[in-house]
Amino acid sequence: MQYLKSDVRDRILAAAEQEFKINGVGASVRVISENAGISLGNIYRYFSNKDALFCAVLRPVVEEISEQLLCSFAEKQDPQYAAETVVDYLWQHPDKLAIIQQASRFYVDGFNTILTEECSKVVEKALAWYPDFTTKVKNPYFATAVTAGFLQALTFTKLSDTTPEEQKRNVKELVVFFFGGLENRFENYK
């Protein structure tokens with residue numbers, strides 16, 4: 001039976017998502033191929049290595065989170081509210097949170113690169129709502145720097161040994177620190 005390339009790729013990604021949720025980067029490509037119902041060699045026709053496969057699983061999750069962030073920001077035009085809404089969203093979707101947690105634990109560099117790229121775009125769009133802010137802050141890397149700092153702080157936040165309520169509170173505290181009142185911080189800056 002002949003399969004369309006997109007169908008094979010989708011089956012690989014679905015099997016990989018399940019395997020990465022459970023085992024992170026310790027996931028077995030052999031198990032992924034078995035669960036996708038294709039040969040191991042065929043996976044490498046679509047993805048150059050396990051890292052590329054992990055990134056392919058991770059990117060849509062990050063893009064969906066970015067979209068949630070933008071929608072939340074558009075709703076109230078408050079960076080803190082938007083970030084807290086995304087935290088709530090993640091805790092309501094444990095499948096997406098599991099991928100994020102595996103990525104942050106075992107694939108920090110690649111994860112941070114993907115997340116920083118996506119979230120920086122969101123922060124830039126959000127800051128554009130504040131004309132006073134954008135006229136005062138001239139650093140073209142400001143959104144990337146704030147985002148990267150937030151993500152770095154997240155790597156220090158212990159998520160595995162705490163209750164879900166504590167995890168959520170810990171993340172929200174970082175959200176408040178990095179994004180709370182951001183539009184007012186440069187009020188007296190010239």
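Start with how the chain folds back on itself: among contacts in the protein with a separation of 6 or more, 68% are between residues 24 or more positions apart. Keep in mind that this is a predicted model. The protein has ten helices and zero strands, so read from the N terminus the elements simply go α-α-α-α-α-α-α-α-α-α. Of its 190 residues, 45% count as buried. On the outside, the protein exposes about 10600 Å², and 53% of that comes from carbon and sulfur atoms.

Now to the N-terminal end, and to how the helices pack there. Two packed helices are described by the angle between their axes and the distance between the axes. Take helix α1 (residues 5–23) and helix α2 (residues 29–36): their axes come within 8 Å and cross at roughly 130°. An angle has to be over 145 degrees to count as roughly antiparallel, and α1 and α2 are therefore oblique to each other. Their crossing is right-handed. From α1, the contact uses Arg-11, Ile-12, Ala-15, Ala-16, Glu-19 and Phe-20, while α2 brings Val-31, Ile-32, Asn-35 and Ala-36.

Helix α1 has another partner in helix α4 (residues 50–76), packed at an angle of about 90° with the axes 9 Å apart. Angles of 65 to 115 degrees count as roughly perpendicular, so that is the label for α1 and α4. Here Arg-9, Ile-12, Leu-13, Ala-16, Glu-17 and Phe-20 of α1 meet Lys-50, Leu-53, Phe-54, Ala-56 and Val-57 of α4.

Ala-16 is a good residue to click on. It sits in helix α1, and its name turns up in the contact with α2 and again in the contact with α4. Leaving aside residues up to four places away in sequence, Ala-16 touches Ile-32, Leu-53 and Val-57. What about Val-31, another α2 residue in the α1 contact? The C-alpha atoms of Ala-16 and Val-31 are separated by 8.7 Å, with their positions 15 residues apart along the chain. As for solvent, Ala-16 has a relative accessible area of 0%, so it counts as buried.

Next, head for the other end of the chain and look at the aromatics. A pair of aromatic rings is described by the distance of the centres and the angle of the planes. The count for this protein comes to three aromatic pairs. One of them joins Phe-150 and Phe-178: the ring centres are 5.8 Å apart and the planes are at 75°, so the pair is edge-to-face. This pair links distant parts of the chain, with Phe-150 in helix α9 (residues 142–156) and Phe-178 in helix α10 (residues 164–179), 28 residues apart. Both Phe-150 and Phe-178 are buried.

Phe-178 also pairs with Phe-177, again edge-to-face, at 5.1 Å centre to centre and 85° between the planes. Ring pairs thus link Phe-150, Phe-177 and Phe-178 into a cluster.

Are Phe-177 and Phe-178 buried or exposed? Buried means under 20% relative accessible area, so Phe-178 makes the cut with 17%. Phe-177 has 59% relative accessibility and therefore counts as exposed. That puts an exposed ring, Phe-177, in a cluster with the buried Phe-150 and Phe-178.

Conventions:
Residues are numbered from 1 along each chain as its sequence is written. This is a predicted model: local features need pLDDT of at least 70, side-chain atom pairs count only at pLDDT 80 or more; totals for chains, interfaces and linings use all residues. Side-chain values use heavy atoms; hydrogens and water are left out. Rings of Phe, Tyr and Trp (its six-membered ring) pair if their centres lie within 6.5 Å; planes under 30 degrees apart count as stacked, over 60 as edge-to-face and the rest as tilted. Helices (H or I, at least four residues) and strands (E, at least two) are DSSP runs, numbered from the N terminus. Buried means under 20% relative accessible area, exposed over 50%, partly exposed in between (1.4 Å probe, protein chains only). Contact means heavy atoms within 4.5 Å. Accessible areas come from the Shrake-Rupley method with a 1.4 Å probe; for residues, only the protein chains shown count as cover. Axes are lines fitted to C-alpha atoms, for helices over the stretch in contact, and angles run from 0 to 180 degrees between N-to-C directions. Angles under 35 degrees count as roughly parallel, over 145 as roughly antiparallel, 65 to 115 as roughly perpendicular and the rest as oblique. A crossing is left-handed if the near helix is turned anticlockwise from the far one by less than a right angle, and right-handed if clockwise.
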